[in-house]
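Got your viewer open? Load the model, switch on side chains, and follow along stop by stop.

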Amino acid sequence: TMHYTPGWDWIVAVKDRNTGIWDEVSITTTGAVKLSDPYVVTKVPGARKPSDKVQKDALVKTSVSLENNSPAAVSGNVICQTAGTTLSVPVTLAAWEKKEVSFKDIKVKNPKLWWPNGFGDHPLYTVSVHALDMNGNQWDSKTYRIGLRTLSVSQERDEFGREFCFICNGIKFFAMGADYIPEDNLI
């Protein structure tokens with residue numbers, strides 16, 4: 001169902017009356033092994049302004065679940081590629097087994113930082129994960145585009161009590177948003 005169906009602001013809660021398939025449906029096939037549940041975590045040295053050069057390496061950790069969808073054990077390799085670095089982990093899965101594979105501390109030298117709109121550029125890095133059998137044939141692959149940046153919230157004391165301010169790469173900035181729910185919300 002749509003995310004607004006339980007109710008929000010002025011919208012009526014219609015969760016029990018508006019469930020079911022409401023968008024496109026597709027069937028996807030995979031080989032014997034499937035990659036799922038991707039998770040990418042970055043650790044980025046701070047900068048003070050968009051023109052600063054970051055001297056330290058950024059670190060990228062990638063994990064992904066590997067699932068054997070066959071009645072036989074399989075062996076192969078999981079390969080992760082990002083920013084010119086390629087890492088490989090051998091893996092063996094029993095029949096129907098699922099396990100997590102992680103790649104820790106992949107270094108990105110002299111990272112180009114991602115900045116919010118109006119503060120600087122928005123460079124993205126590609127992270128690719130491939131599951132291969134022992135002969136090098138690809139079972140499955142996933143590709144992600146990530147930005148390297150630090151992001152936190154400041155709630156320092158101010159003259160009104162406490163501020164609520166985002167901090168990206170060491171710079172405080174104000175951001176606000178809005179939500180929108182279609183006027184014709186009963187599909």
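Contact on this tour means heavy atoms within 4.5 Å. Keep in mind that this is a predicted model.

**Stop one: the core.** Select L66 and show what surrounds it. Leaving out neighbours within four places in sequence, L66 is in contact with V33, K34, L35, V78, V91, L93, E97, K98, K99, V101 and A131. Now widen the view to the largest nonpolar core, which has 27 residues. The members that touch the most others are V33, L66, V78, V129 and L148. Colour by strand next: β1, β2, β3 (74-82), β4 (85-93), β5, β6 and β7 (138-146) are the elements that each give two or more residues to this core.

**Stop two: D37 and K98.** You have already met K98, one of the contacts of L66. Select it again together with D37: their side chains meet in a salt bridge, 3.2 Å from N to O. This pair links distant parts of the chain, with D37 in strand β1 (residues 33-43) and K98 in strand β5 (residues 98-108), 61 residues apart. Buried or exposed, or something in between, for D37? D37 is partly exposed, since its relative accessibility of 48% falls between the 20% and 50% cut-offs. K98 is partly exposed too, at 44%.

**Stop three: D57 and K109.** Here is another salt bridge between side chains, at 3.8 Å from N to O. What does it tie together? D57 sits in the loop between β1 and β2 (58-68), and K109 in the loop between β5 and β6 (125-133), so the bridge joins parts that are 52 residues apart in sequence. Check the surface: D57 is partly exposed at 29% relative accessibility, while K109 counts as exposed at 60%.

**Stop four: a small charge network.** Select E156, E163 and K172, which are linked in a network of salt bridges. Zoom in on the E163 and K172 side chains, where the N to O distance is 2.8 Å. E163 counts as buried because its relative accessibility is 17%, under the 20% cut-off. K172, its partner, is partly exposed at 38%. In total, the structure has 4 salt bridges.

**Stop five: the phenylalanines.** How many aromatic pairs are there? The count is 3. Start with F119 and F173, a tilted pair with 5.4 Å from centre to centre and 55° between the planes. F119 lies in the loop between β5 and β6 and F173 in strand β12 (residues 171-173), so this pair ties together parts 54 residues apart in sequence. F119 is partly exposed at 30%, whereas F173 is buried at 14%. Then turn to F164 and F166: their ring centres are 5.6 Å apart and the planes stand at 80°, so this pair is edge-to-face. F164 is exposed, with a relative accessible area of 54%, and F166 is partly exposed at 24%. Select F119, F164, F166 and F173 together to see one aromatic cluster.

**Last stop: the cysteines.** Select C80 and C168. C80 is buried, with 1% relative accessibility, and C168 is buried, also with a value of 1%. Don't look for a disulfide here, though: a search of the whole structure finds 0.

Definitions and conventions. Residues numbered from 1 in each chain as written. Predicted model: local features only at pLDDT ≥ 70, side-chain atom pairs only at ≥ 80, totals over all residues. Heavy atoms only, no water. Helix = DSSP H or I, 4+ residues; strand = E, 2+ residues; numbered from the N terminus. Buried < 20%, exposed > 50% of the residue type's maximum accessible area, 1.4 Å probe, protein only. Disulfide = S-S within 2.5 Å. Core = buried A, V, L, I, M, F, W, Y, C linked by side-chain atoms within 4.5 Å. Phe/Tyr/Trp six-rings, centres within 6.5 Å; stacked < 30°, edge-to-face > 60°.
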